[in-house]
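Open the model in your viewer and keep the selection panel at hand. The stops below move from the bound ligand to the sheet, then to the helices and two backbone details.

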Amino acid sequence: MRIDIITVLPELLKSPFEASILKRAIEANLVEVHFHNLRDYTTDNYKSIDDTQFGGGAGMVMMVEPIDKCISKLKETRNYDEVIYMTPDGETLNQSIANQVSLKENIIILCGHYKGVDQRVRDLFITKEISIGDYVLSGGELGAAVLCDAVIRLIPGVLGNETSALTDSFQDNLLAPPIYTKPRIYKGLEVPEVLLSGHAANIERWREDQAYQRTKDRRPDLLDK
Ligand code: ADE
């Protein structure tokens, strides 16, 4: 998979890709991530990427031309399956969207800033709009990092244990069950007996029950899906 990220703040985005699982995925060539600074595609001496709104109103709007130049340049070299715009009015990210995106070959992610982009950017180039939740961030960069993390860990080979993404919370619309490690007793709290029993079928049943109970208590909305 190849991810091209268009941003005005590449420095804000880089560190999540320089540590842990994402770093290893990149080093193992399971994913390529490239950053493109929108200011490199400006047409004036001031390197402007935004301007005031037609019709008036507070806040600046990202102009269509630098974004067009950047996306068009990328498209000269390869076809993209999706051009994703990070925006609070997009579809809310969930595991199902992460699964779908993880199956793509080449994607572009555009990070918004200020009030957002000129509507013609969305009309001309964007194929998918994603929000990471019902709150407003200062820019799309942190959203893009969240999306990339959720997607990259699903690429086969990225996680050490191939099954571990499949047992994550949300993969079957259930939250994950409680988990334990050593010691067996800590401050009087004991690991449930069944987990020490070595009885695989009983353990599996206990985990399913716990996952269901936890989902019912915390996220009953997931059970309606
Ligand atoms: N940009 C600003 N707020 C955002 C959000 N909630 N999700 C994605 N991108 C954003």
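**Stop 1: the ligand**

This is a predicted model. Select Leu 137 together with the ligand: a backbone N or O atom of Leu 137 lies 3.0 Å from a nitrogen atom of the ligand. Next, add Ile 132, where a polar backbone atom is 2.9 Å from a ligand nitrogen. Then add Thr 87, which places a polar backbone atom 3.3 Å from a nitrogen atom of the ligand. How much of the ligand's accessible area does the protein cover? On its own the ligand has 260 Å² of accessible area, and the protein covers 96% of that.

Now widen the selection to the shell. Which elements give two or more residues to the shell around the ligand? They are β5 (82-92) and β7 (128-131). The most comes from β5, with three residues. To show the whole surround, select Met 86, Thr 87 and Pro 88, then Ile 130, Ser 131, Ile 132 and Gly 133, and finally Tyr 135, Val 136, Leu 137, Gly 139 and Gly 140. Colour this shell by class: seven residues are nonpolar, five are polar and none is charged.

**Stop 2: the sheet**

Hide the side chains and show the strands. Five of them form an open sheet in the order β2-β1-β6-β5-β7, with parallel pairing. At the edges are β2 (32-37) and β7, each of which pairs on one side only. On average, neighbouring strands of this sheet are turned by 30° against each other, direction ignored.

Within the sheet, select residues 2-7 and 106-111. These are strands β1 and β6, which run parallel and are joined by five bridges. Start at Arg 2 and look across to β6: the bridge partner there is Asn 106. In general, strands of a sheet pair through backbone hydrogen bonds, either parallel or antiparallel.

**Stop 3: two helices on the sheet**

Select residues 64-77, helix α3. This helix lies across β1, β2, β5 and β6, and runs at about 165° to β1. Then select residues 95-102, helix α4, which lies across β5, β6 and β7. The angle between α4 and β7 is about 135°.

**Stop 4: two backbone details**

Most residues other than glycine have a negative phi, and most peptide bonds are trans. Where does Tyr 114 lie? Look in the loop between β6 and α5 (119-124). Tyr 114 is not a glycine, yet its phi is positive, at about 55°.

For the last selection, go to the loop between α6 (141-152) and β8 (185-186), where Pro 183 lies. The peptide bond from Lys 182 to Pro 183 is cis, with omega near 5°.

Note on methods: Residues are numbered from 1 along each chain as its sequence is written. This is a predicted model: local features need pLDDT of at least 70, side-chain atom pairs count only at pLDDT 80 or more; totals for chains, interfaces and linings use all residues. Side-chain values use heavy atoms; hydrogens and water are left out. A residue is near a molecule or strand if one of its heavy atoms lies within 4 Å of it. A polar contact is a pair of N or O atoms within 3.5 Å; within protein, one must be able to donate a hydrogen and the other to accept it, and residues adjacent in sequence count only if both atoms are side-chain atoms. Accessible areas come from the Shrake-Rupley method with a 1.4 Å probe; for residues, only the protein chains shown count as cover. Helices (H or I, at least four residues) and strands (E, at least two) are DSSP runs, numbered from the N terminus. Ala, Val, Leu, Ile, Met, Phe, Trp, Tyr, Cys and Pro count as nonpolar, Asp, Glu, Lys and Arg as charged, and the others, Gly among them, as polar. Two strands pair if DSSP finds at least two bridges between them. Axes are lines fitted to C-alpha atoms, for helices over the stretch in contact, and angles run from 0 to 180 degrees between N-to-C directions. Contact means heavy atoms within 4.5 Å.
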